[in-house]
Amino acid sequence: MTVYLPAVPGYHQLDVPIGDVVHVTEYVTAAALADPAALDAARKAVFGEHRAPVSRVPVESIVGSGAPYAVAVVTHPGGGTLFTDGDDVIRVAAGVTYLPSVHTTEGDFRDQYRWCLERIATLLAVAGSDTGALVRTVDYTATATRAEYPRCGRPRREILGAGPVHPGAAGILVDVPVEPGAQVSLDALAASPPLEALNPGWARYDTLTYKPAVRAANSVYLAGFGALDPVSQQAIHAGDLVAQAEYVYRGIETVLAEAGATGENVVHLVEYLTPGAVADYPSTAALRERHFPNAVVTAVVCSALLRPEFLLETVPTAVLP
């Protein structure tokens, strides 16, 4: 069984069979990014010879912790099958392909975004897959690129193709680059077909290169959800975190219903908060527990979200019986 663990402050806090780890996410602040070699050394001290793909996600801070970074892992008995391409590591377990995050410092925003997608395609090919198997992408860009963000649509259409299944997607704004000069960092996850796009009839997704969710076998990989009315495409509940969270959680359950699932099937949530939302975040705990009683939660602070009104974006993963 695949297990998702919430982020803990530092590799020394991990308490898992290291040989079972199939993916690592490092949520790193500017303080940690100032010495990436120390991060690598901390990981190697715990992991030894075991190699797993690493997503290094820049954040402003970790909710509830003053630690410079936090580590979340996904485990599967035996650690799946290992593939490598240069320094990059890929693992495939139970039909899911786990990739490292990718970025470059060459070119403008759209050039970098295209390079990231092409690199993901190369890594998937190494593992015997392709971009048609993608179930989720999460991109991290700076607030300054918000006006340019629509330019990523063209490379997504050209590289991800016409569908009918596109991955769920999230776009997070972080003003701490993973490396100086990198305007985008991209995370991706793929799964073995057949894949099914889940959409409760929201027409806005008909022309987009992502879907509200993708089902692969008994897992559902959802996009990032903010307080956006899918019909009017207007952000709602500006300035009210609790109201936004309630709207987001109900939207997630609406999509899950397309797979015959409920919030009880959600096993993992990553929540991205803007700085202005941190003080009120504890007020959402009971709401989250009511909607998703079985989910482990990782909460981090980003610089902003693609819609300026958003205080919260939630990325869920569900497992069906």
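**Exercise 1. Strand β12 and its partners**

Identify the residue of β12 that H103 stands opposite, then establish whether the residues of β12 are buried or exposed.

*Solution.*
Step 1. H103 faces S185 in β12. The model is a predicted one, in which local features require pLDDT of at least 70 and side-chain atom pairs pLDDT 80 or more, whereas totals for chains, interfaces and linings use all residues. Residues are numbered from 1 along each chain as its sequence is written, and side-chain values use heavy atoms, with hydrogens and water left out.

Step 2. Strands (E, at least two residues) and helices (H or I, at least four) are DSSP runs numbered from the N terminus; two strands pair if DSSP finds at least two bridges between them. Strand β9 (residues 102–103) is antiparallel to β12, with two bridges.

Step 3. Three bridges connect β8 to β12 in the antiparallel sense, and V96 has A191 as its bridge partner. Between β10 and β12, also antiparallel, there are seven bridges, T137 being partnered by A188.

Step 4. Buried denotes under 20% relative accessible area, exposed over 50%, and partly exposed the range in between (1.4 Å probe, protein chains only). Eight of the eight residues of β12 (184–191) are buried, so the strand is largely enclosed by the rest of the structure. One side carries V184, L186, A188 and A190, the other S185, D187, L189 and A191.

**Exercise 2. The hairpins around β7**

Determine which residues take a positive phi in the hairpins of β6 and β7 and of β7 and β8.

*Solution.*
Step 1. Strand β6 (residues 81–85) runs antiparallel to β7 and is joined to it by five bridges; L82 stands opposite R91. Two residues separate these strands, and G86 has a positive phi near 65°.

Step 2. β7 also pairs with β8 (residues 96–98), antiparallel, over three bridges, where Y98 is the bridge partner of R91. Two residues again lie between the strands, and A94 takes a positive phi near 55°.

Step 3. As for accessibility, five of the six residues of β7 (88–93) are buried.

**Exercise 3. Helix α3**

Compare the end-to-end distance of α3 with its expected span, and explain why its buried residues line one face.

*Solution.*
Step 1. The expected span is 1.5 Å times one less than the number of residues. For the 18 residues of α3 (109–126) this gives 26 Å, and the end C-alpha atoms are 26 Å apart, which agrees.

Step 2. The buried residues of α3 are F109, Q112, Y113, C116, L117, R119, I120, L123 and L124. They fall within an arc of 160° seen down the axis, so they line one face of the helix; the arc is that of the directions from the helix axis to the C-beta atoms. An α-helix has 3.6 residues a turn, so residues three or four places apart point the same way.

Step 3. At the start of α3, a side-chain oxygen of D108 comes within 3.3 Å of the backbone nitrogen of R110. Just after the helix, G128 has a positive phi of about 80°.

**Exercise 4. The surroundings of E60**

Locate E60 and name the residues that E60 touches beyond four places away in sequence.

*Solution.*
Step 1. E60 lies in the loop between β3 (54–58) and β4 (61–62), and at 35% relative accessibility E60 is partly exposed.

Step 2. With contact meaning heavy atoms within 4.5 Å, E60 touches T29, D175, V176, V301, C302 and S303.

Notes
A polar contact is a pair of N or O atoms within 3.5 Å; within protein, one must be able to donate a hydrogen and the other to accept it, and residues adjacent in sequence count only if both atoms are side-chain atoms.
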